[in-house]
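Subject: Structure for you to look at

Dear colleague,

I am handing over the structure we talked about, and below it you will find my notes on what turned up when I went through it. Please keep in mind while reading that this is a predicted model.

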Amino acid sequence: MEKIASNKHHGGLVISLDFELNWGVHDTYRHGQYNKNLYGVRQALPKILMLFKQYEIHATWATVGLLFAESKGEMAHYLRGIPVKYKQMRYAAHSQLVKVGENEQEDPLHFGKSLIEKIMDTPHQEIGSHTFSHFYCLESGQTAMDFSADLHAMRTICDGYIEPMKSIVFPRNQVNEDYFAACQQAGFICYRGNELHELYSPKKFTRKDRLTLGPRKWLDSYVNLTGNHMVRLEEMKDNAFINVRASAFLRPYNSLLRAFEKRKIQRIKEGMLAAAKEGAFYHLWWHPHNFGKHTEKNLAMLEELLQYYQQLQKDYQFQSYSMHEVAMLCKVSNNISE
């Protein structure tokens, strides 16, 4: 709290990672198409943590609750309590259970407790929620009651193992304001909202949107089409449920676009600099599995950005924050103003 209070007038870099393994992609990649990335998480995640430790980075790991399970039976037990019925049941984690192995040693694509422990052993890392079952809050068929059951499963599987979670990231960024009350009742105080632009507004997951919006989002990662998306303390502090809004997705290295890698990194640096100058926050996010392929190139990209963060820290007192720390900063600011 002392760190938060003493830096209340300075902006900062916020980092969150959506940690989900195959639970986040089983409905989009078939027949093992993405397995190289998923298996690569076992090498990439510890190296990301090493960089975070080296550069004293605070980060939120929004984790799918199923990754806490130690057996297939434990997964099945909790999923039985979530009666979700999507119109397209391929979205449901329940549909994947038949493909799951018995434990993490047998099935590293669906279990992740050993990796969670590595996160917990690294200083300044927050474990947040990515819901228990990678729950889609805008897809047809699911209900608020289903969502509450999912949050209950997450709270129960973590009880006694980690501190109660305070930050939540909605899977596929399907932010549903109708579910905010359930989040608050479950003890969450903040969430990662989407960038303030129509291109990033919450939507159902459809092939049509992927084909029409996807290329524009890619282009925005290289050319500033929609702004820097920094977020200021004044925008957040009066919210009952605090929106630590996203600024940019850190796209992984793409060999087909390697000629534009410098432009992508520069786009992020420009946003970080703008936030530092204005005392605002810049919220960068990605998935560990994005680094599962071309791992060394992605780590080099990340380290370049963290080195730039250090320079901004020196020049502007730009700080590093987890989502929860930003939310607490809002609360401290409200107390001071009162």
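The largest nonpolar core holds 89 residues, and within it Phe52, Trp61, Phe147 and Trp286 touch the most other members. Helix H10, which runs over residues 295–316, supplies the largest share of this core, with eight residues. A second core, separate from this one, has 17 residues, among them Val14, Val231, Tyr321 and Met323.

To get a feeling for the larger of these cores, you might start at tryptophan 61. Apart from neighbours within four places in sequence, tryptophan 61 is in contact with Leu17, Leu45, Ile48, Leu49, Phe52, Ile119, Gln125, Glu126, Ile127, Gly128 and Pro288.

Next comes H10 itself, whose buried residues are Thr295, Asn298, Leu299, Met301, Leu302, Leu305, Leu306, Tyr308, Tyr309 and Leu312. These buried residues pack against strand E1 (12–19), H2, helix H9 (261–278), strand E8 (281–286) and strand E9 (319–321). As a check on the geometry, the 22 residues of H10 should span 32 Å at 1.5 Å a residue, and the C-alpha atoms at its ends are 31 Å apart, which agrees. After H10 comes glutamine 317, which has a positive phi near 60°.

Helix H5 (residues 144–158) deserves a similar reading, and aspartate 146 is found in it. The buried residues of H5 are Asp146, Phe147, Ala149, Asp150, Leu151, Ala153, Met154, Ile157 and Cys158, and the partners they pack against are strand E2 (59–63), helix H3 (72–79), strand E3 (125–129), strand E4 (167–168) and helix H6 (180–185). With 15 residues at 1.5 Å each, H5 should span 21 Å, and its end C-alpha atoms are indeed 21 Å apart. Just after H5, glycine 160 takes a positive phi of about 85°.

What, then, is the nearest side chain of opposite charge to aspartate 146, which is buried yet has no salt bridge? That side chain belongs to lysine 85, and it is 7.0 Å away, whereas a salt bridge would need the charged atoms within 4 Å. The side chain of aspartate 146 does, however, reach the backbone nitrogen of threonine 143 at 3.1 Å. If residues up to four places away in sequence are not counted, aspartate 146 touches Ile82, Pro83, Val84, Lys85, Phe135 and Gly141.

Two residues in loops also caught my attention for their backbone angles. Glutamate 56, in the loop between helix H2 (35–54) and E2, has a positive phi of about 55° although it is not a glycine, and with a relative accessible area of 56% it is exposed. Histidine 124, in the loop between helix H4 (113–120) and E3, likewise is a residue other than glycine with a positive phi, in this case near 70°, and its relative accessible area of 44% makes it partly exposed.

Finally, is glutamine 96, in the loop between H3 and H4, buried or exposed? Glutamine 96 counts as buried because its relative accessibility is 8%, under the cut-off of 20%. Leaving aside neighbours within four places in sequence, glutamine 96 is in contact with Asn22, Trp23, His26 and His110.

With best wishes

Methods:
Residues are numbered from 1 along each chain as its sequence is written. This is a predicted model: local features need pLDDT of at least 70, side-chain atom pairs count only at pLDDT 80 or more; totals for chains, interfaces and linings use all residues. Side-chain values use heavy atoms; hydrogens and water are left out. A nonpolar core is a set of buried Ala, Val, Leu, Ile, Met, Phe, Trp, Tyr and Cys residues joined through side-chain atoms within 4.5 Å. Buried means under 20% relative accessible area, exposed over 50%, partly exposed in between (1.4 Å probe, protein chains only). Helices (H or I, at least four residues) and strands (E, at least two) are DSSP runs, numbered from the N terminus. Contact means heavy atoms within 4.5 Å. Lys and Arg count as positive and Asp and Glu as negative; His and the chain ends are not counted. A polar contact is a pair of N or O atoms within 3.5 Å; within protein, one must be able to donate a hydrogen and the other to accept it, and residues adjacent in sequence count only if both atoms are side-chain atoms. The expected span of a helix is 1.5 Å times one less than its number of residues.
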